[in-house]
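I am opening a notebook on a structure that is new to me, and I want to keep a plain record of what I looked up. The sequence and the model come before my entries.

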Amino acid sequence: MHEVGPDSSIPSDALGRAVIEIERHVSSAGWDQPAQLFALVPTSELLAAEPQLAAELGADDASQPLTPVAQGELPGGDDEHLADALARIEWPDGVSGCAVAVERIVLPASAESGADTDAELARLAGSDPRRHEVRMVAAVLRDGDRFGAVRLRTHDEDSAVLTGVDLVPTLCQVLSLTFEPTTAGGPGSVLGGTSDNEEKLP
């Protein structure tokens, strides 16, 4: 695998474009989906180093600077275990970034402050009329850049998706754990990897 060198440059808007592509891809399958993990690979690097794989993934040109490669469902991707699940991932050098798509129920801060225990918070999340079901896509690059998108189930249109650098900071911070040095390898290899679910987004 050809490594991404220090001179590799990714356009400043590439991460945002990849997040929007991932969010629309996930949304096309509807709601009530498990957490899903994606690797972000520089398209030019993929074309140069792995042309056959690039063809299989549909990355036939570099008009999209980053190619999202689906790694499939993320086991343990619920609220309680997401950080642990991501901490077990270790990416090869050819991966410049990664993204995760998760669905969550969010409550107003006032409602959360009224819950004394996790059980009480879970009960409120299931019954509070002010709750919102959302899909969040968070993405980070190895160099620290981050971007997020949020879609509300009650406003399920592409035009209503919120996007921004600081939109889902906690999720981005957790996702950055996948680029932290570790002594044990994880299952997150995308090129020459271990997943049967790798695919380029349509």
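Entry 1. Is Trp 91 buried or exposed? Before answering I note that this is a predicted model, and that every value below is computed from it. I looked up the relative accessible area of Trp 91 and found 6%, and because buried means under 20%, I record Trp 91 as buried. I then placed this residue along the chain, where Trp 91 belongs to the loop between α4 (82-87) and β3 (97-106).

Entry 2. Which side chain makes a polar contact with the side chain of Trp 91? I found that of Thr 178, with a distance of 3.1 Å for the contact. The two residues stand 87 residues apart along the chain, yet I read a separation of 7.0 Å between their C-alpha atoms.

Entry 3. I turned next to Thr 178 itself, which I located in the loop between α7 (169-175) and β7 (199-200). Its relative accessible area is 2%, so I enter Thr 178 as buried too. A polar atom of the Thr 178 side chain also lies 2.9 Å from the backbone oxygen of Leu 175. When I set aside the neighbours of Thr 178 within four places in sequence, I was left with contacts to Leu 86, Ile 89, Glu 90, Trp 91 and Cys 98.

Entry 4. From this pair of loops I stepped back to the chain, in which I counted seven helices and seven strands, and whose order along the sequence I copied down as α-β-α-α-β-α-β-α-α-β-β-β-α-β. Of its 202 residues, 45% are buried. Among the contacts with a separation of 6 or more, 73% are between residues 24 or more positions apart, and the contact of Thr 178 with Trp 91, 87 residues apart, is one that I had already met. For the accessible surface of the chain I noted about 10,400 Å², with 49% of it belonging to carbon and sulfur atoms.

Entry 5. Why is strand β2 largely enclosed by the rest of the structure? I checked residues 66-73, which form this strand, and seven of the eight are buried, so the description follows from that count. I also looked up how β2 is paired, and found seven bridges joining it to strand β1 (residues 36-42), with the two strands running antiparallel. As one point of reference in this pairing, I marked Gln 36, which stands opposite Glu 73 in β2.

Terms used:
Residues are numbered from 1 along each chain as its sequence is written. This is a predicted model: local features need pLDDT of at least 70, side-chain atom pairs count only at pLDDT 80 or more; totals for chains, interfaces and linings use all residues. Side-chain values use heavy atoms; hydrogens and water are left out. Helices (H or I, at least four residues) and strands (E, at least two) are DSSP runs, numbered from the N terminus. Buried means under 20% relative accessible area, exposed over 50%, partly exposed in between (1.4 Å probe, protein chains only). Contact means heavy atoms within 4.5 Å. Accessible areas come from the Shrake-Rupley method with a 1.4 Å probe; for residues, only the protein chains shown count as cover. Two strands pair if DSSP finds at least two bridges between them. A polar contact is a pair of N or O atoms within 3.5 Å; within protein, one must be able to donate a hydrogen and the other to accept it, and residues adjacent in sequence count only if both atoms are side-chain atoms.
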